[in-house]
Amino acid sequence: MMIRQSFIEMNARERAAALLDPASFRELLGPFERIKSPWLPLQGIVAQADDGVVLGRGLIDGRSAFVASIEGAFQGGSMGEVSGAKIAAALELARRDCERGRPILPLLLFETGGVRLQEANLGLAAIAEIHAGIIAVREFVPVVGVVAGVVGCFGGMSLAAALCTRLIVTRQARLAMNGPEVIEQEAGIGELDAADRALIWKLMGGEQRYATGFADDLVDDDAAAIATAVRWAVAMGVEAEPRSRQISQYMARLAAIDAQHPPTPVALRRLWQTDPVA
Amino acid sequence: MEVLRYKYPAKRHVTHRAHVGVVGSGDLEVLFEPSTDQDAHVLVTTSVDGFATIWKNVLDRFFGRYDYVASIEINDFGATPGTVMLRLEQAAEASQA
Amino acid sequence: MNLKPTLSSRGHTWFDALAGQACSLDTGLPSVRVADGELNREITRFIAVVPDPNNRFARARSGEVGVDEGWQLALQVRRAITADRDCRRRSIIAIVDISSQAYGSNEELLGIHLACAAAADAFASARLAGHPVIAFLVGKAMSGAFLAHGYQANRIIALDSPEVLVQAMSKESAARVTRLSVSDLEQLGRQIVPMAYDIESFARLGLLRTIIRHIDADRPTSHDVARVRGELTDAIGDARASAANLSSRLASEEARQTRAASIEVRRRLAEQWDAA
């Protein structure tokens with residue numbers, strides 16, 4: 001009998017290794033390379049030696065892959081110049097290798113609040129380069145994303161998750177463009193009470209996202225289960241019309257929504273429920 | 001943010017480098033490598049100022065038990081002395097594995 | 001949002017000025033304006049997101065990119081890609097004057113993150129298909145809205161104006177999230193160039209091809225418009241002659257200074273990528 005091993009309790013490095021084929025993980029630009037944030041120490045913030053992203057190459061079911069695993073415990077997994085560059089650079093090299101006939105499967109583990117505000121415009125620029133990287137490689141190989149929690153996936157990185165060929169989530173995950181605090185700040189507490197945890201998961205939690213078609217698989221917080229889901233996602237291959245290209249479908253769905261009387265989260269599940277994917 | 005440096009005489013050989021931990025709230029990361037000379041060297045970058053003596057106490061105790069000729073880099077985000085010792089021990093053990 | 005009337009219509013102003021006599025396409029969504037005009041005698045699709053006080057979503061009435069806007073942007077860009085599949089790829093100009101993405105619980109529920117991703121996808125796909133995509137910053141270029149509308153461009157050019165701002169988050173929200181004061185953040189922006197909001201600081205990051213100076217941003221003269229058309233034409237020529245990816249963003253002298261770490265990451269990763 002398999003003993004359940006919490007994926008969420010693992011750090012970024014453990015998660016990366018857990019999802020690749022056993023013993024196949026080889027770290028790139030690891031902490032001993034010491035490519036750190038040039039900007040955090042200027043503000044008296046202690047930098048992490050890998051800037052909060054673990055990059056590695058390895059195998060998924062024997063196929064060449066790379067994994068970019070964001071460390072949510074360091075600065076909320078936020079994207080700074082270096083952490084963002086690591087992910088973008090890996091996607092760019094994967095695209096280059098695909099063009100040369102050596103496909104590499106990208107696996108992105110999202111645990112991020114979005115842009116690191118202490119690096120602001122460089123974080124934002126790096127995220128734009130991540131988007132470009134996903135779009136450029138996605139025609140060759142499926143790009144698989146995982147949002148597990150506890151941080152979730154917010155800000156510009158929520159767009160990156162939405163660009164993935166397939167997205168795997170847990171119930172503990174959250175996926176949204178704006179974090180609850182920011183919505184409350186910008187739109188007022190009447191719009192969203194950032195302290196209302198139950199409401200937040202109803203709007204943007206993993207189960208809701210899966211039930212309304214924004215994620216492809218909902219998996220237990222269990223490393224083996226997530227690894228299986230990743231292998232399924234990879235085996236399904238490239239998608240001719242990924243979610244971010246389903247324009248007519250989404251415009252039709254939205255046209256049917258009454259903006260003056262929008263559906264509740266539960267009602268939206270009935271409206272947008274997608275067929276369980278084989 | 002404070003940067004502290006320490007040097008210790010040491011004897012035991014470091015087999016290979018090791019890394020443990022995360023620079024998260026109440027935690028630290030330790031980069032543990034063979035030293036380039038005969039002494040052990042420690043570089044501490046910590047988010048909490050004014051604890052130089054406490055760092056020295058912890059490192060004195062660590063090198064008293066694990067006198068590895070190591071070059072140690074610590075990036076700390078407010079860990080307790082107990083957590084610091086734990087991470088140092090984890091790194092030392094991982095380096096011999 | 002309290003925008004001065006002149007600010008909130010810079011998108012309109014420049015769309016009208018540049019698209020000229022061309023008819024706006026009927027998008028069915030007043031907040032997204034699209035017209036196929038001309039630059040340098042070549043067909044050029046101009047796209048702007050503008051305020052619509054009657055937007056069916058209350059949180060997207062002041063020129064924000066909301067759920068409807070994201071998908072509409074994607075649609076209008078993809079139609080250009082499809083139409084030009086077998087002929088010369090028209091240029092696409094994203095006129096950027098966007099305060100932010102729309103902030104609201106309905107927006108999140110209905111997947112604004114995917115709507116914005118769809119827009120980014122469309123612009124990037126156009127670029128990869130050989131369409132020169134130029135972002136022309138005439139006002140705010142903020143956060144997720146900019147990621148959706150403009151940041152996938154081959155080249156970015158901007159007006160020299162105090163209202164042209166690029167940033168990841170509003171000052172008030174950034175202050176709340178970082179637990180600093182707005183004035184602390186502004187002080188940091190003076191010392192740490194990526195944290196600043198103004199266009200000169202953004203230019204120092206090497207992401208901007210041109211700052212167009214001495215233009216009346218709110219009431220451009222015909223001479224002003226002619227100058228901008230010239231700069232857009234130059235940017236288009238540059239884009240057509242270059243790779244379709246974003247590598248030019250790391251090639252400038254400014255980037256070698258302020259994005260040295262980004263360049264170093266790529267150099268060292270390429271070295272390690274294939275090692276045994």
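**View 1. Asp51(A) in the loop between S1 and S2 of chain A.** In this predicted model, Asp51(A) turns up in the loop that links S1 and S2 of chain A. Its phi is near 55°, a positive value in a residue other than glycine. Most residues other than glycine have a negative phi. Is Asp51(A) buried or exposed? Asp51(A) has 30 other C-beta atoms within 10 Å, and 20 or more is what it takes, so Asp51(A) is buried.

**View 2. Leu29(A), which sits between strand S1 (26-28) and strand S2 (53-60) of chain A.** Leu29(A) is not a glycine, yet its phi is positive, at about 50°. As for its surroundings, Leu29(A) counts as buried because it has 26 C-beta neighbours inside 10 Å. Asp51(A) from the previous view belongs to the loop between S1 and S2 of chain A, and that is where Leu29(A) is placed too.

**View 3. A cis peptide bond in chain A, from Gly149(A) to Val150(A).** Omega here is near 15°. Most peptide bonds are trans. Where in the chain does Val150(A) lie? Look in the loop between strand S5 (144-147) and strand S6 (153-154) of chain A.

**View 4. Where chain A meets chain C.** There are two pairs of chains in contact, and chains A and C share the most contacts. On one side are 65 residues of chain A, on the other 64 residues of chain C. Which elements of chain A each supply at least two residues to this side? The list is helix H2 (81-99), helix H3 (120-137), helix H4 (156-163), strand S8 (175-176), helix H5 (180-187), helix H6 (197-204), helix H9 (247-255) and helix H10 (265-272). H3(A) gives the largest share of the side of chain A that touches chain C, with 13 residues. Sorted by class, that side of chain A has 44 nonpolar, eleven polar and ten charged residues.

**View 5. Where chain A meets chain B, with chain C for reference.** This contact takes 13 residues from chain A and 15 residues from chain B. The chain A side that touches chain B is made up of nine nonpolar, three polar and one charged residues. And how far apart are the closest C-alpha atoms of chain B and chain C? They lie 15 Å apart, and no contact joins these two chains.

**View 6. The two domains of chain C.** The domain assignment splits chain C into domain 1 (5-243) and domain 2 (246-276). Measuring tape between their C-alpha centres would read 26 Å. Where the domains touch, eight residues come from domain 1 of chain C and eight residues from domain 2 of chain C. The domain 1 side of that contact has five nonpolar, two polar and one charged residues.

**View 7. Chain B as a whole.** Chain B has two helices and five strands, which run β-β-β-β-α-β-α from the N terminus on. Its C-alpha atoms fill a box of roughly 30 × 25 × 20 Å along the principal axes. A compact globule of 97 residues would have a radius of gyration near 13 Å, and the 12 Å of chain B agrees with that. Of the 97 residues, 39% count as buried. Among the chain B contacts with a separation of 6 or more, 84% come from residues 24 or more positions apart.

**View 8. The two faces of H1(B).** H1(B) has 14 residues and reaches 20 Å from its first C-alpha to its last, close to the 20 Å expected at 1.5 Å a residue. Its buried residues are Trp55(B), Val58(B), Leu59(B), Phe62(B) and Phe63(B). Why do they line one face of the helix? Seen down the axis of H1(B), they fall within an arc of 125°, so they share a face. An α-helix has 3.6 residues a turn, so residues three or four places apart point the same way. The cover over the buried residues of H1(B) includes strand S1 (2-9), strand S4 (39-46) and helix H2 (81-96) of chain B. The face turned away from the buried side carries the exposed residues Thr53(B), Asn57(B), Asp60(B), Gly64(B) and Arg65(B).

**View 9. Arg61(B), a residue of helix H1 (residues 52-65) of chain B.** Arg61(B) counts as partly exposed, because it has 13 C-beta neighbours inside 10 Å. In sequence, Arg61(B) and Met85(B) are 24 residues apart. In space, the two are 8.5 Å apart, C-alpha to C-alpha.

Conventions. Residues numbered from 1 in each chain as written. Chains lettered and ligands numbered in written order. Predicted model: local features only at pLDDT ≥ 70, side-chain atom pairs only at ≥ 80, totals over all residues. Contact = placed C-beta atoms within 7 Å. Nonpolar A, V, L, I, M, F, W, Y, C, P; charged D, E, K, R; others polar. Domains from an automatic or database assignment. Helix = DSSP H or I, 4+ residues; strand = E, 2+ residues; numbered from the N terminus. Buried ≥ 20, exposed ≤ 12 C-beta atoms within 10 Å, placed from the backbone. Expected span 1.5 Å × (residues − 1). Arc of directions from axis to C-beta. Rg over C-alpha atoms; globule rule 2.2 N^0.38 Å.
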